[in-house]
Each structure stands twice: as C-alpha cells, then as structure tokens.
Amino acid sequence: NEQLSIASTGGGTTGTNGTSTLGSSYIVTSSYADSCLNVTLPVAGDYLVWCTVEVSVTPSGAEIDIRLRDDTAATDFDEWEGLNSTAASPAAIATITIHMPITTAGVNHVIKLMAKYQGFAPNVNIFSGRMTYVRIA
C-alpha cells in the first residue's frame, strides 16, 4: 500500500492519495468475502475511491457482484453488478471498474473490495486488481 502526499495547485489544503495492488489471485465464493484488495484512508475527510479488477469465470453461467466495505466502520457501500457471464461460452474474462465517494470521520479507515458470485460457477477468479484513492476534501 503506497501513500503519497501532494500539494494542491490552488494553494489550499494538501491532498493525499495512494494505490494498492492485488498480491495474488482470489477465488470468489458464493457469499461476500474480502478479496484481499484494500487501501487505508489515512485521515478523516472526503475521498474518491476506485478499483479496477480483472475476473475470469469458467464455465460461464454466473454473475459476479462486487462492493466496497469500510471495514473500520463496519459499513458496506452499494453493491455493483460487475459481470454477468451467462452470454459468454465457455468462459468469460472481463475488466470491471467501480468508483465512489467515501467520507470518513476518523483516521486509518480500511476500505476493502468484497466479491461474491451467483449462479453456477465452479471457478470464479479475480486475477488482477488495483485500488486507488484520492482525498478531495
């Protein structure tokens, strides 16, 4: 998890940003679980968090749902339907990007990517991912 501090060009407050990458592939299960892709928002404030993952489903026939979770505050954010692979055969590979504003009231909030599948899918895999944040206020 990399954190950088950058000065804003407007002469105002200092912005904070960072990026984390998925260390190894993650096998998605039928209930929401931590994908091991996360960032830590270091100070209270308003952030934009976005995440891009590459997923594979073999054989096709499943829907992958992903969402962000503030694990520190035990808060789940809205669910995103990431990939519906029923149209692909025999396998589906896709890149999914999600983004959302997140406000924290404290320091060191851990934001995690959660994932699950629905339907028949014996092999659903997130094989690459990057999560990034920037403090906007």
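**Core, strands and salt bridges in a predicted model**

Trainee: Which residues have the most contacts inside the largest nonpolar core?

Mentor: Val 49, Leu 68, Leu 113, Ile 126 and Met 131 have the most contacts inside the largest nonpolar core, which has 29 residues. Please keep in mind that this is a predicted model.

Trainee: Which strands each supply at least two residues of this core?

Mentor: Strands E4, E5 (45–58), E6, E8 (92–104), E9 and E10 (123–135) each do so. E5 gives the most to this core, with 6 residues. As a general point, nonpolar side chains in soluble globular proteins tend to be buried together.

Trainee: What does Val 49 touch, leaving aside residues up to four places away in sequence?

Mentor: With those left out, Val 49 touches Leu 41, Leu 68, Ile 98, His 99, Met 100, Ile 102, Ile 111, Met 131, Thr 132 and Tyr 133. Met 100 is also the bridge partner of Val 49 in E8.

Trainee: How many bridges join E5 and E8, and in which sense do they pair?

Mentor: E5 and E8 pair in the antiparallel sense over 13 bridges.

Trainee: Which residues of E8 lie on its covered face, and which on the uncovered one?

Mentor: The covered face of E8 consists of Ala 92, Ala 94, Ile 96, Ile 98, Met 100, Ile 102 and Thr 104. The uncovered face consists of Ile 93, Thr 95, Thr 97, His 99, Pro 101 and Thr 103.

Trainee: Back to E5 for a moment. Where is Trp 50, and is it buried or exposed?

Mentor: Trp 50 is in strand E5. It is partly exposed, with a relative accessible area of 31%.

Trainee: Which residues make the nonpolar surface patch with Trp 50?

Mentor: Leu 48 and Ile 136 make that patch together with Trp 50, and the patch is about 260 Å². Trp 50 can be counted in it because its relative accessible area is 31%, and patch residues need over 30%.

Trainee: Changing topic to E9: how many of its residues are buried?

Mentor: In strand E9 (residues 109–119), 8 of the 11 residues are buried, so the strand is mostly covered.

Trainee: What about its pairing with E4 and E6?

Mentor: Strand E4 (residues 33–41) pairs with E9 in the antiparallel sense over 6 bridges. Strand E6 (residues 62–70) also pairs with E9 in the antiparallel sense, over 9 bridges.

Trainee: Which residues in E9 are matched with Asp 34 and Ala 62?

Mentor: The bridge partner of Asp 34 in E9 is Met 114, while Ala 62 stands opposite Gly 119.

Trainee: And the charged side chains: how many salt bridges does the structure hold?

Mentor: It holds 5 salt bridges. In general, side chains of opposite charge can pair when their charged atoms come close.

Trainee: Which residue meets Lys 112 in a salt bridge of 3.2 Å?

Mentor: The side chain of Asp 34 meets that of Lys 112, at 3.2 Å from N to O. This pair links distant parts of the chain, with Lys 112 in strand E9 and Asp 34 in strand E4, 78 residues apart.

Trainee: Are those two buried or exposed?

Mentor: Lys 112 is buried, with a relative accessible area of 16%. Asp 34 counts as partly exposed because its relative accessibility is 26%, and buried residues are under 20%.

Trainee: What salt bridges does Asp 71 form?

Mentor: Asp 71 forms a salt bridge with Arg 69, the closest N and O atoms being 3.2 Å apart. It forms another with Lys 112, where the closest N and O atoms are 3.3 Å apart. The pair of Asp 71 and Lys 112 also links distant parts of the chain: Asp 71 is in the loop between E6 and strand E7 (75–84), and Lys 112 is in strand E9, 41 residues apart. Asp 71 counts as partly exposed at 34% relative accessibility, whereas Arg 69 is buried at 18%.

Trainee: Which residues are linked in the network of salt bridges?

Mentor: The network links Asp 34, Arg 67, Arg 69, Asp 71, Asp 76 and Lys 112.

Trainee: One last topic, the backbone. What is phi of Ala 74 and of Asn 108?

Mentor: Phi of Ala 74 is near 55°, a positive value in a residue other than glycine. Phi of Asn 108 is likewise near 55°. Ala 74 is in the loop between E6 and E7 and counts as exposed at 52% relative accessibility. Asn 108 is in the loop between E8 and E9 and counts as partly exposed at 45%.

Terms used
Residues numbered from 1 in each chain as written. Predicted model: local features only at pLDDT ≥ 70, side-chain atom pairs only at ≥ 80, totals over all residues. Heavy atoms only, no water. Buried < 20%, exposed > 50% of the residue type's maximum accessible area, 1.4 Å probe, protein only. Helix = DSSP H or I, 4+ residues; strand = E, 2+ residues; numbered from the N terminus. Pairing = 2+ DSSP bridges. Core = buried A, V, L, I, M, F, W, Y, C linked by side-chain atoms within 4.5 Å. Contact = heavy atoms within 4.5 Å. Patch = residues over 30% accessible without salt bridge, like charges linked within 9 Å, V, L, I, M, F, W, Y side chains within 5 Å. Areas by Shrake-Rupley, 256 points an atom, 1.4 Å probe, with all protein chains shown as cover. Salt bridge = Lys/Arg side-chain N within 4 Å of Asp/Glu carboxyl O.
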